[in-house]
Amino acid sequence: MTVSETDEDHLTAYARILSDVCATGRRLTRDELDSLRAQGERAAEAGHGLRTLVRRHLAATRTIWPTLPAAGGERTLAAVEQAIDAFAEGHERAQRLAVRQQEAARREFVDDLLHGRSHLGRLAERAERFGLLLSHAHAVAVSQGHAAVDDTHPATRQVESALAARFGERRILLATKDGRLICIAPGDQDEVLTFFAKQAYAVTEGGRVAVGRAHPGAGGVVHSYEEALNALDLAERLDLDEPVLRAADLLVYPVLTRDRQAMADLVRSTLGPLQAARGGAQPLVDTLTAYFDAGCVAAEAARRLSLSVRALTYRLARIHQLTGTDPADPVHRYTLQTAVIGARLLGWPDAEV
């Protein structure tokens, strides 16, 4: 990096200060220190590295050292320390401000991208600064742990380092939003999101990750992000055990709930009679859930519920008696299972539907 005329002027002024300090024995004035800080800020804004700048100051010191009085060496070293410290303070202050501005711009871009709030042309231009080409399809993965994370959280840094070490300069954007960790990657690079899911699951100590499907354009990022959020919501309501959820595997649930009123009618008409049971409907709904999750194998369902097979069989018979539908009958099974899924999605019987 070449030395500009402004840099030469600064180094000349710096040498003049040292000569005067050595001759008079004074310390640097407040104006001189402020000037050095301001020059440090300008150097940082121009892209000059601090190590290079410190070497230039030391080189200027060596150049004028033979011209200084022999008795003023200690005073000169003290002045050099003062001057370089002030210069470095200004440089670091400018760097911190630049980092804060960059972080603010990044957060604003992520907000606009995930909510589709910006003009598509301007959004695409801004996206390139952060490594994304919105003309391509992208998929979004969202990690939700037990504790909220932000851009400075150790978990964020760990995942970011792991992704950089594994995939280098690929067009990947890692960010945080609403306490969750988010990864946006090209739609044809599923291995990136799979790796992100493993890393995020590890650092969040048992959190859950959802991966949306790949969609084209800026609107596709929003769509994929919403799919991932919906998958997390479904997992919470359905008490799904899988640590990594893919929206493509859960498409049946949005279909089932698209007509909420129809689903509510099905739940009420199919499962409503269970409310007449001793203890209410919930234990019998839990029985059906375990039975269907176990592949309609009574022994496995009984084990999951910590019941005897005989007790489970009694509950299934009671369900048949109250609802008129037999869980063991393939014809009735689909209606019952769909109603049970609907009950879990709608929060019934705790909530009215």
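## A pair within one helix

Arginine 268 and aspartate 265 both belong to helix α10, which covers residues 260-271. The two residues are three positions apart, about one turn of the helix. In this predicted model, their side chains form a salt bridge with an N to O distance of 2.4 Å. Arginine 268 has a relative accessible area of 35% and is partly exposed. Aspartate 265, at 36%, is also partly exposed.

## A pair between a helix and a strand

A salt bridge also joins the side chains of arginine 246 and aspartate 190, at 3.0 Å from N to O. Arginine 246 is located in strand β6 (residues 244-246), whereas aspartate 190 is located in helix α7 (residues 190-203), so this pair ties together parts that are 56 residues apart in sequence. Arginine 246 counts as partly exposed, with a relative accessibility of 27%. Aspartate 190 is likewise partly exposed, at 37%.

## A network of three residues

Asp20, Arg26 and Glu32 are linked in a network of salt bridges. Within this network, the side chains of glutamate 32 and arginine 26 meet at 2.8 Å, N to O. Glutamate 32 has a relative accessibility of 16% and therefore counts as buried, the limit being under 20%. Arginine 26, with a relative accessible area of 25%, is partly exposed.

## Charges in the chain

The count of salt bridges comes to 13. The chain carries 42 positive and 47 negative charges, and the mean positions of these two sets are 2 Å apart.

## The chain as a whole

The secondary structure of the chain consists of 14 helices and six strands. The radius of gyration is 33 Å, while a compact globule of 353 residues would have a value near 20 Å. Along the principal axes, the C-alpha atoms fill a box of roughly 110 × 45 × 35 Å.

Of the 353 residues in the chain, 43% are buried. The accessible surface amounts to about 19100 Å², and carbon and sulfur atoms account for 50% of this area. Among contacts in the chain with a separation of 6 or more, 69% are between residues 24 or more positions apart.

Definitions and conventions: Residues are numbered from 1 along each chain as its sequence is written. This is a predicted model: local features need pLDDT of at least 70, side-chain atom pairs count only at pLDDT 80 or more; totals for chains, interfaces and linings use all residues. Side-chain values use heavy atoms; hydrogens and water are left out. Helices (H or I, at least four residues) and strands (E, at least two) are DSSP runs, numbered from the N terminus. The radius of gyration is taken over C-alpha atoms; the globule rule is 2.2 Å times the number of residues to the power 0.38. Buried means under 20% relative accessible area, exposed over 50%, partly exposed in between (1.4 Å probe, protein chains only). Contact means heavy atoms within 4.5 Å. Accessible areas come from the Shrake-Rupley method with a 1.4 Å probe; for residues, only the protein chains shown count as cover. Lys and Arg count as positive and Asp and Glu as negative; His and the chain ends are not counted. The place of a charge is taken as NZ of Lys, CZ of Arg, CG of Asp or CD of Glu. A salt bridge is a side-chain nitrogen of Lys or Arg within 4 Å of a carboxyl oxygen of Asp or Glu.
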